[in-house]
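Student: I have a new model open and would like to learn how to read it. Could you walk me through a feature or two?
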Amino acid sequence: MDPELSIGLVRAAGYSTYAAIATLIVAAITIALFFGGAGQFWGPVNDVFVSLTVLLLVLPVFAVLLLAGDQAGWWFSALSWLAIAGLLLVAAGQLLLVVGVISLNTSFLTGGIGITPFLLWALASIWTAWTFGVPSMMVGFLLAGVLVMSALTTAVSLALPGVATGIVSGVLTLALCAWMAALGSDLLGRA
């Protein structure tokens, strides 16, 4: 790939990651409003902002592939493309739910199927960060924290639904924002 194009894509990915922080915060606020009883209106608004967030993460996944792909090997490239496809599936599912083409249960299916390769990519990205420094080791540590918080959020939501789930979900949102801020900064630094 042309070096100037690669630099431009990595730079755009950094800005895209920063934009994903904003859409994630809006998604978190709107889902809190929805479950807090502020009205049904906030559910579809949340779905749209979840879609925007995952779409904004497509470019950073591609940028990490550009930066680490040669070192990490073919399997990382394949996993990165699967993660991108998964993010697109999540976004499509959320938007199809908003317009009434699919049911809430079907959106859970598209979301679960779509997020799985992204989570596997996240694990692989932690390895590339700690092995090759792409993305930075700090980004890898923050991403490991996000994955631990994701598991904790799932466990708490099953065991203690309600306020405890809301608190842990808030901490997960903060951890995601910290990871995305570090990733965006790392990508812009490399561009």
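Student: Which residues have the most contacts inside the largest nonpolar core?

Tutor: Happy to help, and please keep in mind that this is a predicted model. Here is the general idea: in soluble globular proteins, nonpolar side chains tend to be buried together. In this model the largest nonpolar core has 44 residues, and those with the most contacts inside it are Val61, Phe76, Leu87, Phe118, Trp121, Trp179 and Met180. At least two core residues each come from helix 1 (3-35), helix 3 (58-72), helix 4 (74-98), helix 5 (104-132), helix 6 (137-159) and helix 7 (163-190). Helix 7 gives the largest share, nine residues.

Student: What does Val61 touch, leaving out residues up to four places away in sequence?

Tutor: Val61 is in contact with Ser80, Ala83, Ile84, Leu87, Phe118 and Trp121.

Student: Now the empty space. What volume does the largest pocket have, and which residues are closest to its centre?

Tutor: Rolling a probe the size of a water molecule over the atoms shows where empty space is left. Here the largest pocket has a volume of about 1900 Å³. It is lined by 43 residues, and Ile31, Asn46, Val50, Ser169 and Leu172 are the closest to its centre. Helix 1, helix 2 (42-56), helix 4, helix 5, helix 6 and helix 7 each give two or more residues to the lining.

Student: How many of the lining residues are nonpolar, polar or charged?

Tutor: The lining divides into 26 nonpolar residues, 16 polar ones and one charged.

Student: Why is Ile31 classed as partly exposed?

Tutor: Ile31, which lies in helix 1, is partly exposed because its relative accessible area is 29%, and that class runs between 20% and 50%.

Terms used: Residues numbered from 1 in each chain as written. Predicted model: local features only at pLDDT ≥ 70, side-chain atom pairs only at ≥ 80, totals over all residues. Heavy atoms only, no water. Core = buried A, V, L, I, M, F, W, Y, C linked by side-chain atoms within 4.5 Å. Buried < 20%, exposed > 50% of the residue type's maximum accessible area, 1.4 Å probe, protein only. Helix = DSSP H or I, 4+ residues; strand = E, 2+ residues; numbered from the N terminus. Contact = heavy atoms within 4.5 Å. 1 Å grid on protein atoms, 1.4 Å probe; cavity = no way out; pocket = protein on both sides within 12 Å on 5 of 7 lines; lining within 4 Å. Points joined across faces, edges and corners; volume = space filled by probe spheres on them. Nonpolar A, V, L, I, M, F, W, Y, C, P; charged D, E, K, R; others polar.
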